[in-house]
Amino acid sequence: MTAVPAPAITTDRRRLHVHETAIGDRIYEIVTTACALVVPALVVAIAIAIFAGAWPAFSKLGLSIVTSSDWDVQAGKFGAAPAIFGTLVSSAVALIIATPLAIGVAIFLSEFSPRWLRQPIGFLVDLLAAVPSVVYGLWGIFVLVPLLREQVMPFLRDRLHLGATPFFSGPAYGPSMLAAGVILAIMALPYISAVSREVLMAVPRSQREAALALGATRWEMIRDAVIPYAKSGIIGGIMLGLGRALGETMAVTMVIGNRAEISASLFAPGYTMASLIANQFSEATSDLHQSALLAVGAILFVITLIVNAAARWLVWQVSRDRAV
Amino acid sequence: MKSRLARHGISAAMIGLTYLAAILATLPLLLILAHLIKKGAASLSLSFFTHMPGPVGEVGGGMANAIVGTLILIGIACAIGLPIGIGAGIYLSEKRSMPLAQSVRFLSDVLNGLPSIVMGIFAWTLLVRPAGHFSALAGGAALGAMMIPLVTRTTEEMLKVVPISLREAALALGYPRWRTSLSVVVRTALAGIATGALVAVARIAGETAPLLFTALGNQFWSTSLREPIAALPLQIFAYAISAYDEWHAQAWAGALVLISIVLVISLAARLVTRSKFGAPVD
């Protein structure tokens, strides 16, 4: 065994090592940056692809695509107003049902729940977000819709005499705007409640203690000291739920009845933008029909983009305040 | 000024209402699971996993092609979504406060909220229209694109909890940055990253809308990436809206299989994150 005393080699080796390090770091940085750049690139690519596809329809139909309610494929008329109306109404119904429930659960979990119950209930509510849309749709067709048709709708219309208002009148077919709203409420609930719970938990203890020390009851403490503090975060959560409801496709397509008409009654079948695309896109043969559906997709894309961006911004606002 | 009694009465009533909300909010999930088990278990048997779909009016048959199709689609999606998502997640955790990191984080969250049907028409314009035919590849790509923002955010969350002292120790020992990041930081958080990947898989496994005009569905056996391919959610959808009782029964069985997969993954992810990092991130 002979030792090799070679100082020249060591320095070389060290230089090589430093060199390798620099190259390795450089490559690593380039690769991870490239991966990160995919995300904004994806957003831009989606926008370009959809708007490019929608352009023929926009230029040919103009504003009538949003204002006209005449969607007749054979006649080449594409007015998406009923679908836009249906998207907005079904989402509104969903929020009206889901918001109080979701905030109620969030308050329960952050303030009143016994410790042992907090995990299981929180988990069960979170799991609602994991159930696939098509499973909600299946359940909607065979359980919810018959239930609405035979029990809930007659009850609302005849027993509560809400049939006198335009909103709950007409025959109860089953597949309806109401059914879509209820399904969407179940689907939006976990999103609203998760964000609300998070921001409620972030409210400092001192805020609660101060209210109680001033003689507030527990409810007054929540109403006057906790909720105002968490308000913008909760609104962010509601908007996040709204974003989900606006773009939800399968479950809605399966229970809304898919008829392109505007009706004030929630018992009447309707259409949403997403279900319109889902139903007709693969069968669209004419170029204009395809382009019109892409235009509906573009409108949906823009609306959900704005709602989601606003929601995230609101939630971030709150969590940033907490971090400071 | 209301009386003390009235104020306390209102308080008790409102607290009662939050209890009620908790019960009402957990009810739908329990109802759905109960119905799935009741109706799905009846038509679930071994042949469901090994047989092809039967013709109309015939009891039995299975969804072997749809189950294999779903696995293939998940495979394609993972091949696209995991490397990019994990890479982007690493970037976010390394360059926490760079302006690019901020906007990538924000856009990932926005992409996560994008309707899945929009992702479907995006994949259609990019991969189906130029090719002139529906394909498994387009379906997998749509699902993969949905995975990217999901995996990005969970990877970042998992890397965030790795103590900074570990990173400092490795750098002090003369490790280059890239090795510190890969073999110290990422390795420490590996279980968490894998969990995040699993959760993303659970999310996309049940997606139907992005597949409607990409993978399309297929009544026959096909594993070709360039042909339309069957998928479990698509098959459930087609059977659910059909007019035949035998197909409805199959749809329930398929839904039971699908939700079992999703729930097992979610449950496992919950347990892993809890044991690894103390209390789960609520």
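1. Which residues of α1(B) are buried? With burial taken as 20 or more other C-beta atoms within 10 Å of a residue's own, the C-beta atoms being placed from the backbone, the buried residues of α1(B) are Thr18(B), Ala21(B), Ala22(B), Ala25(B), Pro28(B), Leu29(B), Ile32(B), Leu36(B), Lys39(B) and Gly40(B).

2. Please bear in mind that this is a predicted model, in which local features need pLDDT of at least 70 and side-chain atom pairs count only at pLDDT 80 or more, while totals for chains, interfaces and linings use all residues. Residues are numbered from 1 along each chain as its sequence is written, and chains are lettered from A in the order in which they are written.

3. Helix α1 of chain B (a DSSP run of H or I, at least four residues, numbered from the N terminus) covers residues 4–42, and its end C-alpha atoms lie 58 Å apart, which agrees with the 57 Å expected for 39 residues at 1.5 Å a residue, the expected span being 1.5 Å times one less than the number of residues. α1(B) nevertheless bends by about 30 degrees at Leu27(B), with Pro28(B) following within four residues; the bend is the angle between axes fitted to the seven residues ending there and the seven starting there.

4. The domain assignment, automatic or from a database, divides chain B into domain 1 (4–42) and domain 2 (48–277), whose centres, taken over C-alpha atoms, are 32 Å apart.

5. Counting residues as in contact if their C-beta atoms, placed from the backbone, lie within 7 Å, 73 residues of chain B meet 72 residues of chain A, and α1(B) gives the most to chain B's side, with 18 residues.

Note on methods. Helix = DSSP H or I, 4+ residues; strand = E, 2+ residues; numbered from the N terminus. Buried ≥ 20, exposed ≤ 12 C-beta atoms within 10 Å, placed from the backbone. Contact = placed C-beta atoms within 7 Å.
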